[in-house]
Amino acid sequence: MSDQIDSLTKRGIAAATLNSSVGIKDTRLIKEGLAQKKYKLLYVAPETLLNEDLIVFLLQTNTISCIAIDEAHVISTYGSSFRPKYKKLSELKDYFPDIPIIALTATLNKKGIDDVIETLKLDTPNTFIHSIDRPSIQYNVFMKRDGSKQIMSIINKYKDKAGIIYCSTVGQVDEIATYLQYRGYNCKPYHSKLKKKEKEATLEEYLNGTLSIMVATIAFGMGLDKSDIRFVIHNNLPSSVDAYLQETGRASRDGLSSSAYLLYDDADKGLYSFLWSKTIKNPEALKMQHMHLRKLDNILLNNSNCRRKMLLREFGEEIDDCNNCDVCLDHQTLKDAL
């Protein structure tokens with residue numbers, strides 16, 4: 001959010017944010033500004049927005065003219081589920097029945113779209129669907145043999161270029177970041193266990209280009225305003241097709257040639273089973289997560305067809321072979337190198 005606020009402020013658009021990282025004094029000042037209609041945009045985390053005190057304040061001050069829900073795929077049972085409060089956004093229509101709502105996301109299939117509409121209680125809304133194909137991104141999938149060395153081999157192709165390395169756990173993030181730093185690579189870790197100031201400083205370095213590589217957990221990157229990311233590496237199998245496209249889609253926002261690399265082994269499935277058993281208590285939600293993982297496994301790992309074709313088919317798009325994935329290009333030389 002802070003990234004987007006900074007970008008808007010530089011363009012002369014008055015914007016503010018309310019979330020758990022904003023202190024009591026700043027929260028009071030922002031609310032005063034809202035009451036005086038000083039802001040055009042207010043960025044709010046779902047966990048903050050659904051706080052009763054804020055709801056009452058917004059109703060009393062008649063502040064809102066439109067509600068935009070970004071990353072709306074998180075609302076759906078058919079999308080990601082690491083932010084359960086998104087489901088609670090169904091209450092918005094009860095609080096603000098006359099305020100228009102728009103839900104936005106980069107990836108969601110037909111079932112997911114219907115689910116978002118139902119959850120948000122949208123009455124016969126207009127739906128706008130654009131192709132999710134990102135032809136400038138090349139997809140590559142490799143069996144993991146020595147993950148750290150394989151990652152090093154990949155990033156050596158992108159000297160001083162911006163990239164993201166995604167890991168499933170905080171421990172993996174720290175391990176890989178330390179491994180690369182020791183060998184002279186310009187990278188830093190980014191995850192929830194770091195102190196707020198350290199994360200802010202690391203993000204600023206990454207955005208201004210003094211830091212080349214971010215090693216992060218999957219929560220990093222939502223709303224990231226950086227267009228020149230040239231590669232995204234997954235050190236583990238992503239949790240779903242939509243998560244994979246969301247995360248790889250953080251590359252090449254300037255439309256220039258970029259690459260996505262997935263390193264996987266069978267242990268990834270066991271890791272997810274363990275993590276989900278600790279965090280997901282609803283049996284149906286747990287079942288859905290495993291279904292998403294199996295679907296991704298079938299598309300990316302148990303398939304000899306064009307990777308882009310199979311990924312887009314999940315979202316109702318049909319294309320010819322893309323000639324820009326490792327299956328189409330048969331990157332035997334690259335595979336041997338890794």
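Ala-251 is found in the loop between α10 (241-248) and β10 (258-264), and this residue of the predicted model is a convenient place from which to enter the fold. With a relative accessibility of 0%, Ala-251 counts as buried, because the term applies to anything under 20%. Once the neighbours within four places in sequence are left aside, the residues in contact with Ala-251 are Arg-134, Ile-137, Ile-229, Val-232 and Ser-258. A further relation links this loop to another part of the chain: Ala-251 and Ile-164 are 87 residues apart in sequence, while their C-alpha atoms are 8.5 Å apart in space.

The strand that follows this loop, β10, contains Leu-263. Leu-263 likewise has a relative accessibility of 0% and therefore counts as buried. Its contacts, again without the neighbours within four places in sequence, include Phe-142, Lys-144, Gly-147, Gln-150 and Ile-151, together with the run Ile-233, His-234, Asn-235, Asn-236 and Leu-237, and also Asp-268. For one of these partners there is a backbone distance as well, since Leu-263 and Asn-235 are 28 residues apart in sequence and 5.3 Å apart from C-alpha to C-alpha.

Another strand can be read in a similar way. Thr-217 lies in strand β8, which covers residues 213-217, and Thr-217 is buried, with a relative accessible area of 16%. If residues up to four places away in sequence are not counted, Thr-217 touches Tyr-166, Cys-167, Thr-169, Val-170 and Val-173, and in addition Tyr-190 and His-191.

From single residues we can step back to the whole protein, whose secondary structure comes to 15 helices and 10 strands. The C-alpha atoms fill a box of roughly 65 × 45 × 40 Å along the principal axes. For 338 residues, a compact globule would have a radius of gyration near 20 Å, and the 21 Å of the protein agrees with that expectation. Of these 338 residues, 47% count as buried. Among the contacts between residues at least 6 apart in sequence, 72% join residues at least 24 apart, and the pair Leu-263 and Asn-235, at 28 residues apart in sequence, illustrates a separation of that kind.

The packing of the helices can be followed through two pairs. Two packed helices are described by the angle between their axes and the distance between the axes. Helix α11 (residues 267-279) and helix α12 (residues 283-301) pack at an angle of about 165°, and their axes are 11 Å apart. Because angles over 145 degrees count as roughly antiparallel, α11 and α12 are roughly antiparallel to each other. Their crossing is right-handed. On the side of α11 the contact is made by Lys-269, Tyr-272, Ser-273 and Trp-276, and on the side of α12 by Leu-286, Gln-289, His-290, Leu-293 and Asp-297. By residue class, this contact of α11 with α12 divides into four nonpolar, three polar and two charged residues.

The second pair consists of helix α2 (residues 24-35) and helix α4 (residues 52-61), whose axes come within 10 Å and cross at roughly 25°. An angle under 35 degrees counts as roughly parallel, and therefore α2 is roughly parallel to α4. The crossing of α2 and α4 is right-handed. Lys-31, Leu-34 and Ala-35 of α2 make the contact with Leu-54, Phe-57 and Thr-61 of α4, and the residues of this contact divide into four nonpolar, one polar and one charged.

Helix α3, which spans residues 46-49, contains Pro-46. Pro-46 is buried, with a relative accessible area of 7%, and its C-alpha atom is separated by 8.1 Å from that of Lys-88, which is 42 residues away along the chain.

Two loop residues remain to be considered for their backbone geometry. Glu-71 is found in the loop between β3 (67-69) and α5 (92-95), and its phi is near 55°, a positive value in a residue other than glycine. Asn-323, whose place is in the loop between α13 (307-313) and α14 (326-329), also has a positive phi in a residue other than glycine, with a value near 60°. As for their surroundings, Glu-71 has a relative accessibility of 12% and so counts as buried, whereas Asn-323, at 52% relative accessibility, counts as exposed.

Methods:
Residues numbered from 1 in each chain as written. Predicted model: local features only at pLDDT ≥ 70, side-chain atom pairs only at ≥ 80, totals over all residues. Heavy atoms only, no water. Axes fitted to C-alpha atoms, helices over the stretch in contact; angles between N-to-C directions. Helix = DSSP H or I, 4+ residues; strand = E, 2+ residues; numbered from the N terminus. Parallel < 35°, antiparallel > 145°, perpendicular 65-115°, else oblique. Left-handed = near helix turned anticlockwise from the far one by under 90°. Contact = heavy atoms within 4.5 Å. Nonpolar A, V, L, I, M, F, W, Y, C, P; charged D, E, K, R; others polar. Rg over C-alpha atoms; globule rule 2.2 N^0.38 Å. Buried < 20%, exposed > 50% of the residue type's maximum accessible area, 1.4 Å probe, protein only.
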